[in-house]
Amino acid sequence: MNPSLSKFMLARTPKHILHPKPTMNTAIPLNTGATIPALGLGTWQSAPGEVKAAVTHAIEAGYRHIDCAYCYQNEDEVGEALQDVIKRGIVKREELFITSKLWCTFHTRTEEGLQKSLDLLKTDYVDLYLMHWPVPMNPNGNHPLFPKLEDGSRDIDHSITHIDTWKNLENLIKSHPEKVKAIGVANYSVKYLEKLLPQASIVPAANQIENHPLLPQQEVYDYCKQKGIHITAYSPLGSTGSPLFKDETVLEVAKKHSVSAGCVLLSYHLARNSSVLAKSVTPSRIDENRKLIALDDSDLEKLASIPKKDGIKRFVYPPFGVNCGFPDKTDGIDLSG
Ligand SMILES: NC(=O)C1=CN([C@@H]2O[C@H](COP(=O)(O)OP(=O)(O)OC[C@H]3O[C@@H](n4cnc5c(N)ncnc54)[C@H](OP(=O)(O)O)[C@@H]3O)[C@@H](O)[C@H]2O)C=CC1
Ligand SMILES: O=C[C@H](O)[C@@H](O)[C@@H](O)[C@H](O)C(=O)O
């Protein structure tokens with residue numbers, strides 16, 4: 001290429017576009033040296049009886065990243081799908097990126113939590129293992145996953161902090177590198193990360209957070225970028241019953257590119273160099289969600305105007321009674337340590 005032309009093109013390259021032609025499997029680097037595929041299939045609230053077919057369809061359609069968690073209570077079926085596609089030669093295990101998460105009642109039992117997920121998923125290792133929330137809950141309470149006190153509030157385990165849990169995860173990956181390739185966190189705010197990082201010997205590979213144009217999460221996004229922590233966006237479509245598909249600004253950007261609203265909502269994260277999880281059990285939507293495009297600066301500016309107009313909206317906020325340090329939620333007890 002003519003050098004002066006290439007200089008001109010570089011100068012005009014919009015600053016956000018890091019992947020000019022993103023695909024669902026664009027490989028985004030993690031601080032471990034591994035990469036994470038841009039698009040993952042979400043499995044939260046994917047009902048047993050539906051999730052095996054959804055994961056099978058997704059992998060047959062080219063998805064290589066599946067997001068799971070012990071507390072979704074469907075890892076067994078996800079595992080059946082993984083076993084099936086591997087057995088049929090559709091994909092090799094090493095071509096897949098599987099994430100699972102340590103649930104809150106397992107913070108003192110990281111090895112047991114991991115092994116339960118590995119057994120259910122019928123795999124020897126996970127590519128990424130996340131602390132699901134920085135909130136330890138009583139492992140001996142009145143429910144194995146969601147223990148409650150007599151007053152109905154969640155039974156928090158005050159004998160351990162999220163920092164102790166992280167150290168347990170560090171020990172886990174050091175003692176079992178064959179079972180877990182990277183460790184990370186989810187639902188971490190700047191406040192909690194600022195307490196965690198000075199005590200950590202391993203910087204989390206990823207922070208999985210709710211993220212969409214109604215919740216841009218600029219503060220934690222910027223902090224994580226600065227610390228080399230990859231962001232994975234969850235509930236990018238606005239979760240179940242989302243208003244985002246009808247948002248006029250999202251539709252305006254979609255019209256400009258002749259794509260669907262969903263495509264804009266998923267592509268938003270690629271422009272930010274984040275990976276993104278889209279949940280669906282509907283084959284046509286699993287197919288549709290594969291399409292990612294490069295948004296430009298003007299698109300991102302338009303999308304950034306949505307919260308200025310409508311205010312921010314967080315769709316996922318479980319009743320832990322804990323102040324997680326989210327700027328928009330200040331109620332609850334502080335467990336940042
Ligand atoms: N770490 C954490 O704490 C959390 C992690 N997550 C992860 O992120 C994933 C995604 O987030 P989630 O909250 O599930 O929500 P999403 O934003 O992915 O939205 C899922 C909803 O959108 C519908 N949908 C999917 N594709 C389309 C489409 N193209 N057009 C119209 N509707 C569509 C789905 O319906 P249908 O399935 O019926 O097709 C479902 O109702 C989760 O599944 C989970 O893996 C999510 C929340 C918290
Ligand atoms: O990953 C999805 C969410 O974090 C989900 O696991 C929680 O919201 C959970 O249902 C809870 O009630 O605490």
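**Exercise 1. Locate lysine 122 in this predicted model and classify its exposure.**

Step 1. Lysine 122 sits in the loop that runs between helix H4 (110-121) and strand E6 (128-131).
Step 2. Its backbone has a phi near 55°, which is a positive value in a residue other than glycine.
Step 3. Partly exposed covers the range between under 20% and over 50% relative accessible area. Lysine 122 has 31% relative accessibility, so it counts as partly exposed.

**Exercise 2. Place glutamine 73 and decide whether it is buried or exposed.**

Step 1. The loop between E4 and H3 contains glutamine 73.
Step 2. Glutamine 73 is not a glycine, yet its phi is positive, about 55°.
Step 3. The cut-off for exposed is over 50% relative accessible area. With a relative accessible area of 55%, glutamine 73 is therefore exposed.

**Exercise 3. Describe how helix H2 is covered.**

Step 1. H2 spans residues 51-60, and its buried residues are Val51, Ala54, Val55, Thr56, Ala58 and Ile59.
Step 2. The cover over these buried residues includes two strands, E3 (39-42) and E4 (65-67), together with helices H3 (75-87) and H10 (283-288).
Step 3. After H2 comes glycine 62, with a positive phi near 110°.

**Exercise 4. Which residues touch the most other members of the largest nonpolar core, and which helix gives the most to this core?**

Step 1. The core has 102 residues; Val55, Trp103 and Trp133 touch the most other members.
Step 2. Helix H9 (residues 261-271) gives the most, with 8 residues.
Step 3. Val55 is also one of the buried residues of H2.
Step 4. Not counting residues up to four places away in sequence, tryptophan 103 touches Tyr70, Cys71, His132, Trp133, Met137, Leu145, Phe146 and Phe320.

**Exercise 5. List the surroundings of ligand 2 and the polar side-chain atoms that approach its oxygen atoms.**

Step 1. Around ligand 2 are Trp44, Cys71, Tyr72, Trp103, His132, Trp133, Phe146, Arg154, Pro318 and Phe320.
Step 2. Tyrosine 72 places a polar side-chain atom 2.5 Å from an oxygen atom of the ligand. For arginine 154 the corresponding distance is 2.8 Å. An N or O atom in the side chain of tryptophan 133 is 3.0 Å from an oxygen atom of ligand 2.
Step 3. Ligand 2 taken alone exposes 330 Å², of which the protein buries 86%.

**Exercise 6. Do the corresponding analysis for ligand 1.**

Step 1. There are 28 residues around ligand 1, and Asp67, Ser235, Ser239, Ser280 and Thr282 come nearest.
Step 2. Lysine 279 has a side-chain N or O atom 2.8 Å from an oxygen atom of ligand 1. A polar side-chain atom of arginine 285 is 2.9 Å from an oxygen atom of the ligand. In the case of asparagine 289, the side-chain N or O atom is 2.9 Å from a nitrogen atom of ligand 1.
Step 3. Taken alone, ligand 1 exposes 910 Å², and the protein buries 91% of that.

**Exercise 7. Characterise asparagine 323 and its contacts.**

Step 1. Asparagine 323 belongs to strand E11 (residues 322-323).
Step 2. Its relative accessibility is 14%, so asparagine 323 counts as buried.
Step 3. Leaving aside neighbours within four places in sequence, asparagine 323 is in contact with Tyr192, Lys329, Thr330, Asp331, Gly332, Ile333, Asp334 and Leu335.
Step 4. Its side chain reaches the backbone oxygen of threonine 330 at 3.3 Å.

**Exercise 8. State the predictor's confidence and where pLDDT is below 50.**

Step 1. The protein has a mean pLDDT of 95, and 95% of its residues reach 70 or more.
Step 2. The pLDDT is below 50 over residues 1-13; this stretch has 2 contacts in the model beyond near neighbours in sequence.
Step 3. For the complex, the predictor gives an ipTM of 0.99 and a pTM of 0.96.

Definitions and conventions
Residues are numbered from 1 along each chain as its sequence is written. Chains are lettered from A and ligands numbered from 1 in the order in which they are written. This is a predicted model: local features need pLDDT of at least 70, side-chain atom pairs count only at pLDDT 80 or more; totals for chains, interfaces and linings use all residues. Side-chain values use heavy atoms; hydrogens and water are left out. A nonpolar core is a set of buried Ala, Val, Leu, Ile, Met, Phe, Trp, Tyr and Cys residues joined through side-chain atoms within 4.5 Å. Buried means under 20% relative accessible area, exposed over 50%, partly exposed in between (1.4 Å probe, protein chains only). Helices (H or I, at least four residues) and strands (E, at least two) are DSSP runs, numbered from the N terminus. Contact means heavy atoms within 4.5 Å. A residue is near a molecule or strand if one of its heavy atoms lies within 4 Å of it. A polar contact is a pair of N or O atoms within 3.5 Å; within protein, one must be able to donate a hydrogen and the other to accept it, and residues adjacent in sequence count only if both atoms are side-chain atoms. Accessible areas come from the Shrake-Rupley method with a 1.4 Å probe; for residues, only the protein chains shown count as cover. pLDDT is the predictor's confidence in each residue, from 0 to 100.
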